[in-house]
Amino acid sequence: MVGPTRSKLREASPDARQSSRTTQARRRRGAGTVEPQLERGASQERPKRSLLQPSVLGCRNLAGGARSYAQRRLRNLNAQHYFQLEEITKLLLLGRFQILHALLDQLREKVQALQMNRFPHRTLFGVATFVGILHWAHLITLFENDRHFSHLSSLEREMTFRTEMGLYYSYFKTIIEAPSFLEGLWMIMNDRLTEYPLVINTVKRFHLYPEVVIAYCYRTVMGLMHLFGIEAKTCWNVTRMEPLMEIQSCEGLGDPACFYISVIFILNGLMMGLFFIYGAYLSGSQLGGLITVMCYFFNHGEATRVMWTPPLRESFSYPFLVLQMYVLTIILRTSTINKKLYMALCFSNVAFMLPWQFAQFILFTQIASLFPMYVVGYIEPSKFQKIIYMNMCSVVLCFILMFGNPMYLSSYYSSSLLVTWAIMQKKNKIQKLGSNELHFWLIQGCAWWSGTIILKFLTSKICGVSDHIRLSDLIAARILRYTDFDTLIYTCAPEFDFMEQATPLRYTRTLLLPLVLVITYFIFKKIVRDIICVLCTNTYAKKQLLENGELIFHTLQLLAFTVLATLIMRLKLFLTPHMCIMASLICSRRLFGWLFCRIHFENVVFGILTMMSLQGYVNLHNQWSIMGEFTNLPQEDLIHWIRHNTRPDAVFAGAMPTMASIKLSTLHPIVNHPHYEDADLRARTKIVYSAYSRKSAVEVRDKLLQLHVNYYVLEEAWCVVRTKPGCSMLEIWDVEDPSNAANPPLCSVLLKDPRPYFTTVFQNSIYRVLKVN
């Protein structure tokens, strides 16, 4: 067991004598059972821990007081804000609440300055930079508190990247350790270790452009630092309690894991600065941007999980969706055609889709929101046509950059673009079928939905990708209650379950949900009024539609994200930030100008922020209080045994999360991994997981030999763990293989005596390595 105190011995140079330092006492996480899930900690709130990750306590504070952004105003009022001693004495004599009243007056003036929109763009970007740095520091603090990452060895840092995270990081490691960048890129594009003995292009299969770009940056930075003689990292010897050996821990950009994590957190820090600019632009007030940022921080556990699972695809992809929606908002609001904006829209689409296979479905919901706006008249036809063309260009670019990945051509997103374009070309003919405006709208809507679904299935058959699991398939399985082995592997994981009932309550406590409901109500009133006026052929109303376009778009997108997050809890990462953006509209004069004229609206906004901060600070304090230190000694023993007791070409099979760690830390070939979307990989995983079924040992052994497996890693926890009713491996197999339901569990048989078909060659408290005879 690792002791609570570690000593670090700094190495200033190869010849320098080492000096020691003692770290603050921290509680170590114990290793334990591993749950059969694709990802650990996948819900938007702090991930639920198994025995592998028990919660630990502690405390960490960040700077968090009110900050004034009205620099010029502060300079002008400087003399008034500094109280002289006589004035303070007088206020104390006048009454006990006079000082508080004066401070509130000052804050109200600053809020009013924000509401009056008095600041230049330079100040706006300055505030955005500050917000981005604050979010970056917040993420770094949470991540360090949770894992004590700075004190871990290279192996321990790799083990923290569980499931898909370890798989993605392994390719970054391959590129930086290769003799050259191009050789490393060739190695991951001709990979034989991930699905032995198959050779696969992992850039095409796993959307690895982020790892390719970060690896190139790492090699470039290290080359420059070596050229100028700058020390890239500082290494320490970390002393652990007996009988554990001393390990080395390195800090700085020269450490691959630290560099990799830093890039992710910097990207998400920039995203927070963009959120401030986005909220300020949408609401027309810097105060709206401030509300967006505060709502995001106060609901941080519901908005993102990047601080717990940095290498996941959404960590790279989502910031570019924020950029894309911001650019689209500018396009919808402005009347002039700016080619640079459309180019930025295309670029942000590509940057959003390249890292994440689910991004196309999110963009499909965006087209589904824009099309009814075009039908009713909230978007000019020429502008909407350019938006569709830019989306088409982004699909083609992604298809080329992903080496002809057919999933880009067979998605709902690409099908909806083609159907939208066709309807726009045939609009005049369709209009003749409708007797009035309402019938015309219904015909276009039915044609769009039916055409998109039909074209999607046709292109899937033509491209041969109908056997891939997509987000739409999981939603259909959730709605239709369809279950099989593959869907249960997904839907039994907490992150793919329905939204928790406590989530709306958490939104309500920070006033985010009530605020958004009020805003949505007033927007819907505008929609109803606009539609009635259009149906009455009011030409003035049709002109007014264009002015409300971006409000309608964000409302429809909010509805789409709400449906997705309700069906799949993981997709709260889209809903919560979008609710924060919508909350900025409380400062919109277009929506609440009638209220601005009657009351001091800055007082209302200030009161809302104050009430939000009561629960918001509690939420932040709960996150800062998470203290721990990663350790997984059973897996560390397993990896050391594999490194020293097996051939480099020995092939391993086992649970998907464990296989990712073995591939990353030992570079041994594996036959299955956590990236479960491919049909061939699902078939391989089903064979591997048959060790947890009721099949016979000889049948399982024969199937494993067909996959060229030499060693099978059996985990006792997977024999008994049950995340919820119907979700143990044995129950999933009983659904998939009812013919063997009367047989005893094979896992129990192998744990007692695996002979003659298997031989136990390694065993500890968690893992048992069986040699396939």
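**Exercise 1. Place His554 in this predicted model, and decide whether it is buried or exposed.**

Step 1. Find the element. His554 is found in helix H26, residues 549-567.

Step 2. Check the accessibility. The relative accessible area of His554 is 0%. The cut-off for buried is under 20%. His554 is therefore buried.

Step 3. Look for a polar partner. The side chains of His554 and Thr329 are joined by a polar contact of 3.3 Å.

Step 4. List the surroundings. Not counting residues up to four places away in sequence, His554 touches Tyr278, Leu282, Thr329, His578, Ile581 and Met582.

**Exercise 2. Work out how helix H24 and helix H27 cross, and which residues meet there.**

Step 1. Set the limits. H24 covers residues 512-535, and H27 covers residues 572-583.

Step 2. Take the geometry. The two axes come within 9 Å and cross at roughly 60°. H24 is therefore oblique to H27.

Step 3. Give the hand. The crossing of H24 and H27 is left-handed.

Step 4. Name the residues. H24 brings Leu512, Leu513, Leu515, Val516, Ile519, Thr520 and Ile523. H27 meets them with Thr576, Met579, Cys580, Met582 and Ala583.

Step 5. Sort them by class. The contact of H24 with H27 has 10 nonpolar residues, 2 polar ones and no charged ones.

**Exercise 3. Determine how many residues of helix H31 are buried, and what follows the helix.**

Step 1. Count. H31 spans residues 656-666, and 11 of its 11 residues are buried.

Step 2. Inspect the list. Lys663 is among the buried residues, as are Ser661 and Ser665.

Step 3. Move past the end. Just after H31, Leu667 has a positive phi of about 60°.

**Exercise 4. Describe the setting of Asn672.**

Step 1. Locate the residue. Asn672 sits in the loop between H31 and helix H32 (679-688).

Step 2. Judge the burial. Asn672 has 0% relative accessibility, so it counts as buried.

Step 3. Find the polar partner. A polar atom of the Asn672 side chain lies 2.8 Å from the backbone oxygen of Gly654.

Step 4. Trace the contacts, leaving aside neighbours within four places in sequence. Asn672 is in contact with Met656 and Met659, among others. Both of these belong to the buried residues of H31. Other contacts of Asn672 include Thr194, Leu681, Thr685 and Val688.

**Exercise 5. Summarise the whole protein: how many helices and strands are there, and what share of residues is buried?**

Step 1. Count the elements. The protein has 36 helices and 8 strands.

Step 2. Take the burial. Of its 773 residues, 57% count as buried.

Step 3. Consider contacts with a separation of 6 or more. Residues 24 or more positions apart account for 74% of them.

Conventions
Residues are numbered from 1 along each chain as its sequence is written. This is a predicted model: local features need pLDDT of at least 70, side-chain atom pairs count only at pLDDT 80 or more; totals for chains, interfaces and linings use all residues. Side-chain values use heavy atoms; hydrogens and water are left out. Buried means under 20% relative accessible area, exposed over 50%, partly exposed in between (1.4 Å probe, protein chains only). Helices (H or I, at least four residues) and strands (E, at least two) are DSSP runs, numbered from the N terminus. Axes are lines fitted to C-alpha atoms, for helices over the stretch in contact, and angles run from 0 to 180 degrees between N-to-C directions. Angles under 35 degrees count as roughly parallel, over 145 as roughly antiparallel, 65 to 115 as roughly perpendicular and the rest as oblique. A crossing is left-handed if the near helix is turned anticlockwise from the far one by less than a right angle, and right-handed if clockwise. Contact means heavy atoms within 4.5 Å. Ala, Val, Leu, Ile, Met, Phe, Trp, Tyr, Cys and Pro count as nonpolar, Asp, Glu, Lys and Arg as charged, and the others, Gly among them, as polar. A polar contact is a pair of N or O atoms within 3.5 Å; within protein, one must be able to donate a hydrogen and the other to accept it, and residues adjacent in sequence count only if both atoms are side-chain atoms.
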